[in-house]
Amino acid sequence: MTETTQRRNTATGTGRQEGGTTQQGRRGDSAAPPEARGSTAVADVVVAKIAGMAAREIPEIHNLGGGMSRAFGAVRQRVPGGGSGVTQGVKVEVGERQAAVDLDVVVEYGAAIADTAADVRTNVINAVERMTGLEVVEVNIAVDDVHLPDEEEDEGESGQEGRRVA
C-alpha cells in the first residue's frame, strides 16, 4: 500500500520530474512521522503475559493466582495443550494508550510484603511500558497466600505421582 503524492516543483526536487511535478514515495520528506502512519493494537493477553512473567521474576513471589485459580491451573497444565498458565492470577484492562493490571500473588514466607509488592509493581510497569509502549496507570496487587517452606505444592509431590486410577 505505497502512497505516492504529487507536488509542485518549487525548488530543486529530490524525486523524478515529470511535467513540473515531483514524484515521491514514503521515503520522501513526508509531513507525517513514521509512528503516525498507522496504528498498533496490543491485545489484552499480550499485556497479561508480559505482566505475569515480570511478576514471576521477583524472587519473593512463589506463585500467581488465588487458591481456586491455582487449582485450575494445576489441572490445566496436566492436560495436553492446556497451556503454561503464564496469565494465571493476572487480569488486565487495555485501552488505546493505557493499561491497568491486577495481580493475585502468593508470597514466600519471610518476605517483606510491602517491599515485595513495590518490587513487583516496578518490574511490571517497566516491562509492560518498555515492550508495548502503553502507559501503565496502575498495578493492583492482592496477596492471597503465604507459601511456607514445608508446604507441599500439590498432592503429586507427596509420593502419589506414579499412581493411576483405572
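How are α1 and α3 oriented to each other? The points below take up that question within this predicted model.

1. Overall make-up. The chain holds 3 helices and 7 strands, and from the N terminus on its elements follow the order β-β-β-α-β-α-β-β-α-β. Of its 166 residues, 26% count as buried, while the exposed surface comes to about 11500 Å², with 49% of that area supplied by carbon and sulfur atoms. Among contacts with a separation of 6 or more, residues 24 or more positions apart account for 62%.

2. The helix pair. α1 and α3 pack with their axes 8 Å apart and at an angle of about 140°. Angles over 145 degrees would count as roughly antiparallel and those from 65 to 115 as roughly perpendicular, and the two helices are therefore oblique to each other. The crossing in which α1 passes α3 is right-handed. On the α1 side the residues that meet α3 are Val47, Ile50, Ala51, Ala54 and Ala55, and their counterparts in α3 are Val120, Asn123, Val124, Ala127, Val128, Met131 and Thr132.

3. The nonpolar core. The largest nonpolar core contains 24 residues, of which Ile61, Val90, Val101, Leu103, Val120, Val124 and Val128 touch the most other members. At least two residues of this core come from each of α1 (44-56), β4 (61-64), β5 (90-94), β6 (98-108), α3 and β7 (135-147), and α1 gives the most, with 6 residues. Leu103, one of the residues just listed for the core, is in contact with Ala55, Gly89, Val90, Val120, Val124, Val139, Asn140, Ile141 and Ala142, once neighbours within four places in sequence are left aside.

4. Val47 in α1. Val47 is found in helix α1 and, with a relative accessible area of 0%, is buried. Leaving aside neighbours within four places in sequence, Val47 is in contact with Val42, Val92, Val94, Ala99, Val128, Thr132 and Leu134. The last of these, Leu134, lies 87 residues from Val47 along the chain, and the C-alpha atoms of the two are separated by 9.3 Å.

5. Ala51 in α1. Ala51 is also found in helix α1, and a relative accessible area of 0% makes Ala51 buried. Not counting residues up to four places away in sequence, Ala51 touches Val90, Val101, Val124 and Val128, and each of these four is named among the core residues that touch the most other members. The C-alpha atoms of Ala51 and Arg121, which are 70 residues apart along the chain, are separated by 9.4 Å.

6. The loop before β5. Val86 has its place in the loop between α2 (67-78) and β5, and, with residues up to four places away in sequence not counted, Val86 touches Lys49, Gly52, Met53 and Arg56. Val86 and Gly52 are 34 residues apart in sequence, and their C-alpha atoms are 5.8 Å apart in space.

7. Thr116 in α3. Is Thr116, in helix α3 (residues 113-132), buried or exposed? Because its relative accessibility is 3%, Thr116 counts as buried. Not counting residues up to four places away in sequence, Thr116 touches Ile58, Glu60, Ile61 and Ala111, and Ile61 is one of the core residues that touch the most other members.

Technical notes: Residues numbered from 1 in each chain as written. Predicted model: local features only at pLDDT ≥ 70, side-chain atom pairs only at ≥ 80, totals over all residues. Heavy atoms only, no water. Buried < 20%, exposed > 50% of the residue type's maximum accessible area, 1.4 Å probe, protein only. Contact = heavy atoms within 4.5 Å. Core = buried A, V, L, I, M, F, W, Y, C linked by side-chain atoms within 4.5 Å. Helix = DSSP H or I, 4+ residues; strand = E, 2+ residues; numbered from the N terminus. Areas by Shrake-Rupley, 256 points an atom, 1.4 Å probe, with all protein chains shown as cover. Axes fitted to C-alpha atoms, helices over the stretch in contact; angles between N-to-C directions. Parallel < 35°, antiparallel > 145°, perpendicular 65-115°, else oblique. Left-handed = near helix turned anticlockwise from the far one by under 90°.
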